[in-house]
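Below are some notes on the model, set out as numbered points. Please read them with the structure open.

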Amino acid sequence: MRILSVTGVTSVDRKTINKPVSHIMMVKDGALAGEKFTVQKLNQKTNKSTDCCIAMAIESLSEIAAQNEGFYKNSTAESIGVCQLGDDGVNVDEQNYLVFDVTGMEAGKNYLFYGIEDDDVKGDIWKYKKLDIPVGVTEKVFTFGENDGVIALPVTGLTRVKFVSRDSGSMPEFLPDELRLLSFLDNDTVRLKSNTAGDDLIFQAGYENFFVLNVKEYRSIEIYTTGVAYQAIGVEMVKEA
């Protein structure tokens, strides 16, 4: 379903969705430019909210969604970005609904926003979490809960990762070249991008800016970096507000 069509604005504020959707799709007549999405699920009766994502760039959200399933397009002629909200349609009703904001839009471009409806409706919603490692810190451990499903590791600045298995306690390690191989095996295409003229499409295979890994079988991850400021993204499946 089409949610909104806008031109000449730099932001979208508090737009509501009251149908069960699994993705919010953004179509733009130009290249993606770091537009940032904030998505929440609100309970009108209790005034409680569940954060899906807070000020996250559409390119990052799109790549995570693409490596889960499908691909996204970034072109000087037309771009299609996507924010995935869940594995299935997010449950909404008269008291529970979704709200999203977008900032960093280009006033000279036209934007179309769509909600991708899914009749397989669940109460779970994806929650994107920023996992920060500050400048000068070269290793840090992050633990996973039972509802954590995915981690996206920026390619730049990563030197290796070490996991701890939830069941056996084994500690597999992966170097960037090994993560590249795993990405090629798991993901055929992440992004379609155009050349300068905007007419020929180039396929970005396997990964682009992130290695996206399933972490359901792991208890923790130790991330080793070159010491640059580093921000991984975790995805947790949480119950509705």
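1. To begin with the side chain of R14: this is a predicted model, and in it R14 has a relative accessibility of 46%, so R14 counts as partly exposed. Its salt-bridge partner is D101, with 3.9 Å between the closest N and O atoms. D101 lies in strand 9 and R14 in strand 2, so the contact ties together parts that are 87 residues apart in sequence. Unlike R14, which is partly exposed, D101 is buried, at a relative accessible area of 14%.

2. The two strands that hold this pair are also joined through the backbone. Strand 2 and strand 9 (residues 96-103) run antiparallel and are linked by 5 bridges. One residue pair to look at here is I17, which stands opposite L98 in strand 9.

3. Strands 2 and 9 belong to an open sheet of 4 strands, whose order is 2-9-4-5 and whose pairing is antiparallel. Its edges are formed by strand 2 (11-17) and strand 5 (49-57), each of which pairs on one side only. On average, and with direction ignored, neighbouring strands of this sheet are turned by 15 degrees against each other.

4. Is C52, in edge strand 5, buried or exposed? C52 is found in strand 5. Its relative accessibility is 0%, so C52 counts as buried; the cut-off for that class is under 20%. From C52 to V99 the C-alpha to C-alpha distance is 9.9 Å, while the two residues are 47 apart in sequence.

5. Strand 3 (residues 21-28) deserves a separate look. It is mostly covered, with 6 of its 8 residues buried. It runs antiparallel to strand 10 (residues 110-117), to which 7 bridges join it. Within that pairing, V21 has E117 of strand 10 as its bridge partner.

6. Strand 3 is also joined to strand 7 (residues 79-84), again in antiparallel fashion, by 6 bridges. Here I24 stands opposite C83 in strand 7. As for strand 7 itself, 5 of its 6 residues are buried, so this strand is largely enclosed by the rest of the structure.

7. How many salt bridges does a search of the whole structure find? The search finds 9. The R14 and D101 pair has been described above; further cases follow.

8. E222 and K162 meet through their side chains in a salt bridge, with an N to O distance of 3.9 Å. E222 lies in strand 20 (residues 218-225) and K162 in strand 15 (residues 158-165), so this pair ties together parts that are 60 residues apart in sequence. E222 is buried, with a relative accessible area of 15%.

9. A salt bridge within one helix is formed by D177 and R180, whose closest N and O atoms are 2.8 Å apart. Why do these two residues lie about one helical turn from each other? They are 3 residues apart in helix 2, and the separation is therefore about one helical turn. D177 is exposed, with a relative accessible area of 58%, whereas R180 counts as partly exposed at 25% relative accessibility. Elsewhere, K28, E35 and E106 are joined into one network by salt bridges that share partners.

10. Finally, the largest pocket. Its volume is about 400 Å³. The lining consists of 19 residues, and those nearest the centre of the pocket are V150, D186, V212, L213 and N214. By class, the lining residues divide into 10 nonpolar, 5 polar and 4 charged.

11. Which elements each supply at least two residues of this lining? They are helix 1 (58-68), strand 14 (148-154), helix 2 (176-186) and strand 19 (210-214). Helix 2 thus appears in two of these notes, as a contributor to the lining of the largest pocket and as the helix that holds D177 and R180.

Conventions: Residues are numbered from 1 along each chain as its sequence is written. This is a predicted model: local features need pLDDT of at least 70, side-chain atom pairs count only at pLDDT 80 or more; totals for chains, interfaces and linings use all residues. Side-chain values use heavy atoms; hydrogens and water are left out. Two strands pair if DSSP finds at least two bridges between them. Axes are lines fitted to C-alpha atoms, for helices over the stretch in contact, and angles run from 0 to 180 degrees between N-to-C directions. Buried means under 20% relative accessible area, exposed over 50%, partly exposed in between (1.4 Å probe, protein chains only). On a 1 Å grid over the protein atoms alone, a cavity is a set of points where a 1.4 Å probe fits but cannot get out, and a pocket is an open set with protein on both sides within 12 Å along at least five of seven lines; lining residues have an atom within 4 Å of a point. Grid points are joined across faces, edges and corners, and a volume is the space filled by probe spheres set on the points. Ala, Val, Leu, Ile, Met, Phe, Trp, Tyr, Cys and Pro count as nonpolar, Asp, Glu, Lys and Arg as charged, and the others, Gly among them, as polar. A salt bridge is a side-chain nitrogen of Lys or Arg within 4 Å of a carboxyl oxygen of Asp or Glu.
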